[in-house]
Amino acid sequence: MEQKKQTVLDIRAKKNSGSKISMLTAYDYPWALLVDRAGIDIILVGDSLGMVVLGYQDTVSVTMDEMIHHVKAVTGVVKSSLVVGDMPFGSYNVSVKKAIKNANRFMKEGRADCIKLEGGMIMAPVISAIVKAGIPVQGHIGLTPQTASALGGFKVQGKSAAAARALIDDAKALEDSGCFSIVLEAIPAPIAKMVTEAVSIPTIGIGAGSDCDGQVLVTYDMVGLFDRFTPKFVKQYTKISETISGVISEFKADVENGKFPEEKHSFTMKADELEQLKKDLSD
Ligand code: KIV
């Protein structure tokens, strides 16, 4: 049975009903198809694209054009998941006007359902302006990879009482500015629980313990397709890269040993046409 398309209202309602929200990344047609078919609530076309698909060192150099290209590939196939387009570094920290312009591109060109951007209280004016422009916004606080260098690296956030208090204040500011949900990345589980209790919008955790209203993972980490590092918070369900490498080696051996292609992979033609050709060539 086909599932109904998820809306931001459905996602918000899940917090009240107590049903957990599932969210995964996808960046292209085959992955979007699989994630959507599995009934995952939210697909994030994350700027993690830069690292796991495009092979960049970090997410900072990901461009709007690259994001739009991949969002289109995802929204073209998704039937039920809510699709979030992740605003890349530099697309919303220059001016409110530029932020609205770029958020509009995600909706008009990418056909995303909403956008996500990183940052706490300081981003409140940008978020309210985008929300007022009619675009739903998902917030993202804690470890914010785009500004990891300002945070001193990819580190767990909110570990002191003061930093934890700031995170709670950030979450409240995001709720007040109109976010429909907030991603909490790499923060201590008890703080994620406090943040979750402090706001009426859903929190979706990644490295933030089990008390968030939902959980998100980067699919390439989850299936073992990203080889550079695997964060502690990732549950790696399989090492698909080993299966793929095995298949590639098998193909190479089959080609070299003449085992591929077999007759079933080849095309034939009518015997009399073949005979005619041979005759023509020998004349
Ligand atoms: O870009 C991304 O994949 C993200 C997740 C880590 C939440 O922002």
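A polar contact is a pair of N or O atoms within 3.5 Å. The views below show a predicted model.

**View 1. Polar contacts of the ligand with Asp86, Ser48 and Lys116**. In the side chain of Asp86, an N or O atom is 3.2 Å from an oxygen atom of the ligand, which means that the pair falls within the 3.5 Å limit. For Ser48, the distance from a side-chain N or O atom to a ligand oxygen is 2.5 Å. Lys116 places a polar side-chain atom 3.0 Å from an oxygen atom of the ligand. The ligand taken alone exposes 260 Å², and 95% of that area is buried by the protein.

**View 2. The shell around the ligand and its pocket**. The ligand takes up the space of the largest pocket. Residues around the ligand include Thr25, Leu44, Gly46, Asp47 and His140. Glu185, Ile206 and Val218 are also among them. By class, three residues of this shell are nonpolar, four are polar and four are charged.

**View 3. The two assigned domains of the protein chain**. Domain 1 covers residues 8-238, and domain 2 covers residues 243-282. Taken over C-alpha atoms, the centres of domain 1 and domain 2 are separated by 48 Å.

**View 4. The cis peptide bond at Pro261**. The bond from Phe260 to Pro261 is cis, and its omega is near 0°. Pro261 belongs to the loop that runs between helix 10 (240-256) and helix 11 (271-282).

**View 5. The positive phi of Arg111**. Arg111 is a residue other than glycine, yet its phi is positive, near 60°. The loop that holds Arg111 lies between helix 5 (96-108) and strand 4 (114-116).

Methods: Residues are numbered from 1 along each chain as its sequence is written. This is a predicted model: local features need pLDDT of at least 70, side-chain atom pairs count only at pLDDT 80 or more; totals for chains, interfaces and linings use all residues. Side-chain values use heavy atoms; hydrogens and water are left out. A residue is near a molecule or strand if one of its heavy atoms lies within 4 Å of it. A polar contact is a pair of N or O atoms within 3.5 Å; within protein, one must be able to donate a hydrogen and the other to accept it, and residues adjacent in sequence count only if both atoms are side-chain atoms. Accessible areas come from the Shrake-Rupley method with a 1.4 Å probe; for residues, only the protein chains shown count as cover. On a 1 Å grid over the protein atoms alone, a cavity is a set of points where a 1.4 Å probe fits but cannot get out, and a pocket is an open set with protein on both sides within 12 Å along at least five of seven lines; lining residues have an atom within 4 Å of a point. A molecule sits in a cavity or pocket if more than half of its atoms lie within 2 Å of its grid points. Ala, Val, Leu, Ile, Met, Phe, Trp, Tyr, Cys and Pro count as nonpolar, Asp, Glu, Lys and Arg as charged, and the others, Gly among them, as polar. Domain bounds come from an automatic or database domain assignment. Helices (H or I, at least four residues) and strands (E, at least two) are DSSP runs, numbered from the N terminus.
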